[in-house]
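The following exercises are to be worked with the sequence and the coordinates at hand. Each task is followed by a stepwise solution.

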Amino acid sequence: MATESLSPSERAARALKQLLDGNARYVRNAAIHPASRPSAAPQSPLAVVLSCSDSRVAPELIFDQGVGALFVVRVAGNTYDRLACESIRFAVMKLGVALIIVIGHDSCGAVSAALEHYPATGVGPLVENIYPAISAAKGGPGDPIDKTVRANAIIVAERLAGEADFAAKVAARELMIVPARYAMDSGEIELLRNPEGRTHAGLR
Ligand SMILES: [Zn+2]
């Protein structure tokens, strides 16, 4: 079936599968490095990736995708501000992207810094944007950094889902927003909420 004839939710599901297939190739050291030459063709990316700026979390590499496949916004701590939101909005509204994946990762320095400063104010948005995740994740067993990383990706995805233009698209199943966690050691992407929008048990 041609991509053009698919509904937005089918395109999003297909895009997510392509990314996860690419990640599986990357993990087993079988990357095929598709479309790795310059291209001036009109772009039609598979997905928006909002990831941490950490040098070890390189979206095109970890998903084994080529030029033109990913519309990438990177911010240390994988949160976003108005400028980043406008970038994402461009991809969704103008380029027709139906999938946004928000990627946190273990051992995140931005999350560690946020935990050190919490709840001090005036520290700056990079750190303070992670505070809601700290509030959500604190208490109970488990590593505070990893719990916050998971909560942060979920909260950022939920916040994006409520943004102007996006909320209606999410409700109409024209836009899928998926939080995920990247594992530094294995290179594996773990979805923190399945494509139907259900959050995995124990992550809230
Ligand atoms: Zn990080």
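A residue is called buried if 20 or more other C-beta atoms lie within 10 Å of its own, exposed if 12 or fewer, and partly exposed in between, with C-beta atoms placed from the backbone. The model is predicted: local features need pLDDT of at least 70, side-chain atom pairs count only at pLDDT 80 or more, and totals for chains, interfaces and linings use all residues. Residues are numbered from 1 along each chain as its sequence is written.

**Exercise 1. Backbone exceptions**

Task: Determine whether H33 counts as buried or exposed, and examine other unusual backbone sites.

Solution. Step 1: H33 has 11 C-beta neighbours inside 10 Å and therefore counts as exposed. Its phi is positive, near 45°, although H33 is a residue other than glycine. H33 is placed in the loop between α1 (8-27) and β1; helices (H or I, at least four residues) and strands (E, at least two) are DSSP runs, numbered from the N terminus.

Step 2: D165, which is not a glycine, has a positive phi of about 80°. This residue belongs to the loop between α7 and α8. D165 counts as exposed because 12 C-beta neighbours lie inside 10 Å.

Step 3: Y118 and P119 are joined by a cis peptide bond, with omega about 0°. P119 is found in the loop between α4 and α5 (125-128).

**Exercise 2. The faces of helix α3**

Task: Establish which residues of α3 are buried and which are exposed on the other side.

Solution. Step 1: Helix α3 covers residues 82-94, and its 13 residues should span 18 Å at 1.5 Å a residue; the end C-alpha atoms are 17 Å apart, which agrees. The expected span is 1.5 Å times one less than the number of residues.

Step 2: The buried residues of α3 are I88, A91 and V92. Viewed down the helix axis, they fall within an arc of 95°, so they line one face of α3; the arc is that of the directions from the helix axis to the C-beta atoms. In general, an α-helix has 3.6 residues a turn, so residues three or four places apart point the same way.

Step 3: R82, L83, E86, M93 and K94 are exposed on the other side of α3.

Step 4: The packing partners of the buried residues are β1 (47-51), β2 (70-74), β3 and α8; a contact requires C-beta atoms, placed from the backbone, within 7 Å. After α3 comes G96, with a positive phi near 75°.

**Exercise 3. Helix α7 and the core**

Task: State which helix gives the most to the largest nonpolar core.

Solution. Step 1: A nonpolar core is a set of buried Ala, Val, Leu, Ile, Met, Phe, Trp, Tyr and Cys residues joined through C-beta atoms within 7 Å. The largest one has 56 residues, and A47, V48, L99, I100 and I101 have the most contacts inside it.

Step 2: α7 gives the most to this core, with eight residues. Helix α7 (residues 144-161) has 18 residues and reaches 25 Å between its first and last C-alpha, close to the expected 26 Å.

Step 3: Its buried residues include V149, I154, I155 and L160. Among the elements that cover the buried residues of α7 are β3 (99-105), α4 (109-117) and β4 (176-182).

Step 4: Leaving out residues up to four places away in sequence, I100 touches A47, V48, L50, I88, L160 and I177.

How values were computed: Contact = placed C-beta atoms within 7 Å.
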